[in-house]
Each structure stands twice: as C-alpha cells, then as structure tokens.
Amino acid sequence: MAEVKKTKENDLHAMRHSMSHILATAMQSLYKGVKFGVGPVIENGFYYDFDLGETTLSPEDLPKVEAEMREVIKADYPFESREHSLEEAIGYFEKHEQPYKVELVRDIKKHGTTVMSEIEGGVAAGGDVDKITTVTFYKIGPFIDLCRGGHLKSTGGAGAFKLTKVSSAYWRGDEKNPQLQRIYGVAFATEAELNKYLEQVEEAEKRDHRKLGSQLDIFVQSEIVGAGLPLFTPNGTAMINAMMNLVRDINTPDGYEEVRTGHVTRTELYKISGHLDKFGDDLFVVEAGEDKLAMKPMNCPHHTQLYDREMRSYRDLPIKYAEFSTLHRNEVKGALGGLTRVRALTQDDAHAFVRPDQVEGEIEMVVKQVDRLLSTYHLDYHVRLSLRDPKDMKAYLGDAKVWDKAEAMLRDLAGKFKMKFVEAQGEAAFYGPKMDFMAVDAIGREWQVSTIQLDFQQPERFDLSFVDEKGVKQRPVMIHRALNGTFERMLGILIEHYAGNFPVWLAPEQVRLATVNDSKEITDKAYEMRDALKIAGLRTELDVSSESVGKKIRAASLAKVPYTIVVGEREAAGEPVSVRLRADMGEKDVKVKFDKFIETVKQEVADRVGQSSL
C-alpha cells in the first residue's frame with residue numbers, strides 16, 4: 001500500500017511541476033518581454049515568479065491567464081528535454097534576455113548548485129563542480145525553460161487547476177534583489193478533488209483565526225509593538241489561562257513540578273547546549289557590560305542547571321520540571337502570521353530526567369498526557385516519528401550509534417503502544433529523535449502540535465549525572481515534552497477548529513445576561529445575577545444597553561457566547577430563567593432555576609465537556 005501511495009504522490013508532484021511550465025508558457029504568450037524567475041511545486045500546487053517591467057498584475061488578470069493555460073493544455077504539447085553545455089545555456093538565455101536564468105546557470109557553473117536548488121525545483125545536478133558540464137532544457141510548444149525534470153509526457157495530461165492569487169516576491173528571497181510578481185495556483189488530479197480543496201479553503205477563510213480573533217476580541221497585533229508579538233486581551237488571556245490549568249491538571253498527578261527561569265541568559269549556556277552554533281541567527285542578543293545575553297529561545301538548557309544544583313541518587317529519579325515561559329525567537333518577518341508563527345511564544349515546556357530503565361514508562365505516561373489533552377480539545381491525531389537524515393549527520397549532535405539507539409527505542413515504543421505512526425527522515429531535533437503528534441482539525445487540516453523528544457546529548461554536554469545503587473556515576477536521559485506546543489499556536493488552531501464556537505470551559509465569555517428594559521427592578525436583579533455568576537467563577541458579561549432584546553440576543557450570538565439569559569420581570573421575581581443556547585449547541589431555550597443553572601455550568605467547566613448538559 002505504501003508503494004502505491006508513493007507513486008500517486010510522485011505523479012501528482014510531476015503534474016503540479018508541469019503546471020508551473022504551463023503557466024509560464026501562457027504568460028509568455030500574453031505578456032511580451034516577460035522575464036522568468038523560478039516555478040517550483042508547493043503544497044497543493046505551484047507558483048511561478050515573473051518580471052513584467054511596468055505591468056502590474058491584479059486578481060482580475062487571473063481568469064485571462066487561466067484561459068490561456070487551458071489553450072496550452074488543449075494543444076497537448078509534449079515535454080521535450082535536451083542537454084546543453086553551461087556555456088550554451090548562458091548564451092541562450094542572454095540572447096533571449098532572461099537575466100534570472102543566466103544567474104542560475106552561472107551559479108551552477110561556479111558552485112555546482114543554484115544555492116537555492118531546493119526552492120527552485122532542483123535545476124542543478126549537484127555534486128563535484130568540475131563534473132557538472134551540462135544542464136537540461138525542457139520545451140513545451142513555444143516555451144523553453146531550465147529545469148531538471150519530473151514532468152508529464154505532454155500538457156494534455158494536466159489535471160484540474162485554479163490560479164489563486166498574485167503577490168510580490170524578491171528574487172531569491174533577498175530584499176536587495178529585484179521584486180518580482182508571483183502567481184500561485186493549486187492543482188489536483190480531478191475536478192472533484194479540486195472542488196473539495198477549494199471548499200475547504202473557503203471554509204478555512206471563514207474560520208481564519210486572525211479574523212475571528214479580532215471579532216471575538218481575543219488578541220490584537222500592533223505595528224508599534226511589532227510583527228509576531230501578539231497582545232492578548234482579557235478574553236484571550238482567560239482562554240490561555242484555561243489551557244494552562246488543563247496542563248497543570250495533567251502535570252501534577254504525574255509528578256511534574258513547576259519552575260521559573262529568567263527571560264535572558266548568557267550566550268555561554270547555549271554554546272554548551274549547541275543551540276548557539278545551530279540557531280545563532282534566531283537569537284535576540286544584547287550586550288550587558290562584558291556579557292553577551294540572549295533572550296531565552298528555549299527552556300531545556302536552563303532546566304539542566306536546576307537538575308545539576310545538587311548530587312542526584314538513582315532513588316531521586318525521575319526528576320520532572322514544568323514551566324510556562326514566554327520565549328523569543330528571531331523568526332523571519334515575512335514568515336510571521338497571526339498566532340501560528342510568532343516571535344514571542346509561550347510553551348508548556350517540561351523535561352524529565354530519568355534513568356535509562358525509566359525511559360519506556362515515562363514516555364508511555366507522556367503519550368497518555370498528550371492523548372488526554374488532544375481528546376479534551378476534540379482533535380483527532382496521528383504520530384510522526386521524526387528521525388535524523390542519515391546523509392547529513394553534521395546537522396546533529398552526537399555520534400551515529402547514540403542516534404541508532406535513540407531512534408530504535410522510540411520506534412519500538414511506538415509499536416508497543418500500538419500507535420498509528422509514519423516515519424519522517426530529517427525532521428528530528430538536532431539533539432535527538434522525537435514523536436510529533438499531528439492533529440487533524442474539523443475541516444481536515446493537519447497541524448504539528450504536541451511533541452516528545454528523546455535526548456542523550458544534553459545530559460552529556462552538561463555533564464549531568466546520578467549515582468546508581470553501586471555508588472557509580474551514571475548519565476541520565478532527558479525527555480523533552482510539550483503538550484500544546486505553544487499556547488499561541490494552539491489557540492490559533494483551536495479558534496479555527498471550533499470556528500469560534502468554543503466549549504463552555506474554554507469560551508472567553510461563558511454566560512451573557514441581557515435585560516428586557518432599563519427598569520430599576522430588572523436592572524438591579526441582572527447585576528445581582530451577574531455577581532453570583534462571577535462568584536461561581538464563570539466568565540460573565542451583562543448587557544444593559546438600550547437596544548431591543550432581539551438585538552442583544554443577536555449580539556451575543558455574534559460573540560459566540562454559549563449561554564444567554566434574558567432577564568425580565570419573571571426572572572426579577574425569582575422564577576426560573578430562560579437560557580438560550582448557542583446555535584451549535586441546539587439554539588434552543590431552556591427553562592431552569594438560576595441556582596441549578598450555575599451548578600450545571602460550573603460542573604461542565606470542571607469536567608471540560610464538549611456539549612451542554614442543559
């Protein structure tokens with residue numbers, strides 16, 4: 001079965017790659033003098049970069065380009081390849097005034113690669129520079145491109161496609177280079193698959209956490225504060241606190257103790273851990289007298305120092321530290337987006353220092369923790385076993401034998417726990433392999449969330465030890481664990497997963513009271529009810545505005561409040577309250593005594609249930 005899947009994926013990749021050539025062919029026909037950048041395959045589709053001089057593309061131009069692409073497909077041009085020497089290739093592209101292609105070929109000649117060959121679709125053969133003497137041209141009808149290949153036999157074999165957007169992009173991602181115009185497209189084997197994807201995209205736009213985050217007053221982003229540094233309102237903070245409390249409830253019974261470490265540290269700490277050499281460009285570094293200090297990008301090196309503050313006995317282990325800490329990483333500005341990619345990120349980080357014979361039991365415990373968390377969020381998931389790239393051991397700490405041992409251990413444990421998993425080479429942390437939990441949201445999108453990482457390297461680099469039953473020093477094993485990953489990213493995922501219709505325990509506003517008029521008797525009773533709800537620990541707002549009851553209920557619905565209570569003369573007189581449930585909860589009205597309502601909702605919050613029990 002795996003082999004069939006691989007073949008289908010390769011076919012789809014070749015088709016999408018071919019689509020980028022078809023797009024370029026259409027652009028050559030429509031825009032005289034167009035200069036071509038690169039056109040790689042991306043997730044679900046492709047793009048191509050163009051230099052159109054003074055002409056600026058808009059979304060309104062895309063149907064015209066699509067129509068021309070269909071003409072290219074209809075013509076059923078074969079993909080014809082031909083080898084050319086590097087000098088011939090340079091000469092050809094110079095003659096046809098294609099400076100970006102000339103630059104790529106000259107890079108191949110000088111370096112044996114385009115330097116960005118992964119991004120650019122791999123036009124270079126790689127290897128020994130002296131041995132690279134030719135490059136491949138591909139011709140479809142009137143268009144000739146520099147490309148390594150992986151295409152359809154002819155354009156007529158192309159599947160269903162749609163051009164989705166136009167954006168700007170610096171040549172080779174460098175803002176010092178010319179700015180090109182990038183056309184994105186999606187492509188699938190069949191029209192049905194394309195339509196399904198487009199429907200998912202439309203639904204995703206409705207659920208966009210940036211839009212809902214603003215609508216529900218969860219977080220804001222300020223240009224003055226800076227990109228990737230979200231500010232959480234009282235609503236957003238209440239939600240993150242609820243998520244933190246869930247983690248605390250999971251941590252405490254399993255022996256994790258909460259700790260706190262500072263936000264800056266001497267870079268020497270990260271030199272020892274290996275993070276400075278690996279991720280030096282991602283650190284925010286400041287000078288403090290003779291010291292160089294870094295904003296903390298991760299907690300694990302700090303936790304090694306807490307472990308190492310005293311001699312440990314084998315009886316002391318496992319020792320487990322948990323920390324909710326805001327970390328800072330110098331992410332590229334162009335990659336930042338909403339809550340899912342930020343520069344300030346708060347992890348529910350934890351590290352267990354264990355004896356080698358305790359690894360299996362501890363990992364089994366953490367797997368159960370992850371399952372409890374993701375089940376509470378109503379997220380389905382599977383596991384990706386993230387392993388090293390054996391062809392690039394320079395990218396990792398430690399020797400191959402230690403890695404072999406760690407990877408075999410995780411693989412065996414995944415099998416023993418009967419986990420559904422796939423293996424992914426090259427996705428390991430630089431200090432060890434890991435289990436990445438891939439959550440699937442309500443509309444079928446996959447997100448990497450929780451992680452369990454097995455680390456033999458940090459204890460070695462920091463010379464950590466414990467004394468065994470024979471009085472001999474031994475090396476502990478370090479297990480890194482994050483349940484949410486980061487609260488920012490998980491909150492963004494949950495906003496979209498629930499489309500803002502959060503379960504009561506997570507909802508930023510759990511109950512809203514709405515008065516039918518502004519009479520003193522009704523208003524006083526509404527304030528009394530609000531205070532009772534707040535004392536019970538429920539997040540409650542009161543609407544005493546002069547708007548009609550209908551508009552107040554509509555406002556509560558737009559705010560996606562789970563429960564709305566209308567307060568009128570009967571409620572003021574102590575009769576059962578009329579509770580309106582949110583649309584996804586049945587959009588019905590329930591009559592219940594106010595005290596009973598409070599106790600019921602309190603229990604729903606305590607149990608973190610997904611549905612109303614009213």
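These legends go with three close-up views of a predicted model.

**View 1. Helix 15 packs against helix 18.**
Here you're looking at helix 15, which covers residues 520-535, and helix 18, which covers residues 594-607. Their axes sit 10 Å apart and make an angle of about 30 degrees. Angles under 35 degrees count as roughly parallel, so that's what we call helix 15 and helix 18. The crossing of helix 15 past helix 18 is right-handed. Helix 15 brings Met529, Ala532 and Leu533 to the contact, while helix 18 brings Phe594, Phe597 and Ile598. Sort the residues of this contact by type and you get 6 nonpolar, no polar and no charged.

**View 2. Ala169 sits in strand 7.**
Strand 7 takes in residues 160-170, with Ala169 among them. Ala169 has a relative accessibility of 10%, so it goes down as buried. Leaving out residues up to four places away in sequence, Ala169 touches Asp49, Pro178, Gln179, Leu180 and Arg182. Don't expect Lys520 in this close-up: from Ala169 to Lys520 is 61 Å in space, C-alpha to C-alpha. Along the sequence, Ala169 and Lys520 are 351 residues apart.

**View 3. Cys147 and Cys300 are both buried.**
The relative accessible area is 3% for Cys147 and 4% for Cys300. Buried means under 20%, so Cys147 makes the cut, and so does Cys300. If you're hunting for disulfides, a search of the whole structure turns up 0. As a reminder, a disulfide is a covalent bond joining the sulfur atoms of two cysteines.

Terms used
Residues numbered from 1 in each chain as written. Predicted model: local features only at pLDDT ≥ 70, side-chain atom pairs only at ≥ 80, totals over all residues. Heavy atoms only, no water. Axes fitted to C-alpha atoms, helices over the stretch in contact; angles between N-to-C directions. Helix = DSSP H or I, 4+ residues; strand = E, 2+ residues; numbered from the N terminus. Parallel < 35°, antiparallel > 145°, perpendicular 65-115°, else oblique. Left-handed = near helix turned anticlockwise from the far one by under 90°. Contact = heavy atoms within 4.5 Å. Nonpolar A, V, L, I, M, F, W, Y, C, P; charged D, E, K, R; others polar. Disulfide = S-S within 2.5 Å. Buried < 20%, exposed > 50% of the residue type's maximum accessible area, 1.4 Å probe, protein only.
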